[in-house]
Every structure is written in structure tokens, then in C-alpha cells.
Amino acid sequence: GGERGKMAAGGAADSQARFGHSVKGLLTEKVTSCGTDVIALTKQVLKGSRSAELLGQAAKNMVMQEDAILHSEDSLRKMAIITTHLQYQ
């Protein structure tokens with residue numbers, strides 16, 4: 001009966017090794033998947049911060065444009081007044 005006990009122990013060790021390999025495989029898969037997700041998230045965050053930067057720049061440009069438009073409007077109003085005065089002379 002000693003031989004049979006050794007085989008059973010060998011079978012158990014074999015199945016334990018297979019289990020260990022499958023767990024290692026699953027862990028490797030999960031780590032790889034997690035790594036891929038982290039890379040995707042990082043790219044998204046970078047893209048988001050770039051978008052915020054571009055929006056900020058666009059807002060600054062709009063403010064500058066608005067100033068230029070208001071200044072032009074003011075100049076046009078002054079020119080209209082001058083034109084009116086010249087017409088009366």
C-alpha cells in the first residue's frame with residue numbers, strides 16, 4: 001500500500017502544480033489587463049489636461065478679441081461724431 005500512497009501524493013502535488021500555474025496565468029493576465037487600463041487612463045487624463053489648456057487659451061484669445069472689438073467700436077463711434085461735425089461745417 002506504500003506505493004499507492006506515493007502515487008496519490010504525487011497526483012496531489014501534480015494537481016497543486018497545475019493549480020499554481022493556472023493561478024499564475026490568471027494573475028499575469030490580470031496584471032497585464034490592469035497595466036493596459038492604467039495606460040489608457042493616463043492617456044485620457046493627459047488628453048483632458050491638454051483640452052483644458054486649449055480651452056483656457058481659447059478663452060484668453062476671446063477676451064483679447066473682445067477688447068479689440070470694443071476698441072474698434074469706440075473708434076467707429078468717434079469717427080461717426082467727427083463725420084457729423086465735418087458735415088455741419
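**Reading salt bridges and a surface patch in helix 1**

User: In this predicted model, which residue forms a salt bridge with Asp 74, with the closest N and O atoms 3.5 Å apart?

Analyst: That partner is Lys 78, at 3.5 Å between the closest N and O atoms. Asp 74 and Lys 78 both belong to helix 1 and stand four residues apart, about one turn of the helix. Lys 78 is partly exposed, at 49% relative accessibility.

User: What is the general idea behind such a pairing, and which residues are linked with Asp 74 in a network of salt bridges?

Analyst: Side chains of opposite charge can pair when their charged atoms come close. Here, Arg 77 also meets Asp 74 in a salt bridge, at 3.8 Å from N to O. Asp 74, Arg 77 and Lys 78 are thus linked in a network of salt bridges. Arg 77 and Asp 74 are three residues apart in helix 1, so about one helical turn separates them. Asp 74 is partly exposed at 31%, and Arg 77 is partly exposed at 48%.

User: How many salt bridges does the count come to, and where does Asp 14 find its partner?

Analyst: The count comes to four salt bridges. One of them joins Asp 14 to Arg 18, with the closest N and O atoms 2.9 Å apart. Asp 14 is partly exposed at 42% relative accessibility, whereas Arg 18 is exposed at 53%.

User: Which residues make the nonpolar surface patch, and is Leu 27 buried or exposed?

Analyst: Phe 19, Val 23 and Leu 27 make this patch of about 300 Å². Leu 27 lies in helix 1, which spans residues 2-88. Leu 27 counts as exposed because its relative accessible area is 51%, and exposed means over 50%.

Conventions
Residues are numbered from 1 along each chain as its sequence is written. This is a predicted model: local features need pLDDT of at least 70, side-chain atom pairs count only at pLDDT 80 or more; totals for chains, interfaces and linings use all residues. Side-chain values use heavy atoms; hydrogens and water are left out. Patches are made of residues with over 30% relative accessible area and no salt bridge: like charges are joined within 9 Å, nonpolar side chains (Val, Leu, Ile, Met, Phe, Trp, Tyr) within 5 Å. Accessible areas come from the Shrake-Rupley method with a 1.4 Å probe; for residues, only the protein chains shown count as cover. A salt bridge is a side-chain nitrogen of Lys or Arg within 4 Å of a carboxyl oxygen of Asp or Glu. Helices (H or I, at least four residues) and strands (E, at least two) are DSSP runs, numbered from the N terminus. Buried means under 20% relative accessible area, exposed over 50%, partly exposed in between (1.4 Å probe, protein chains only).
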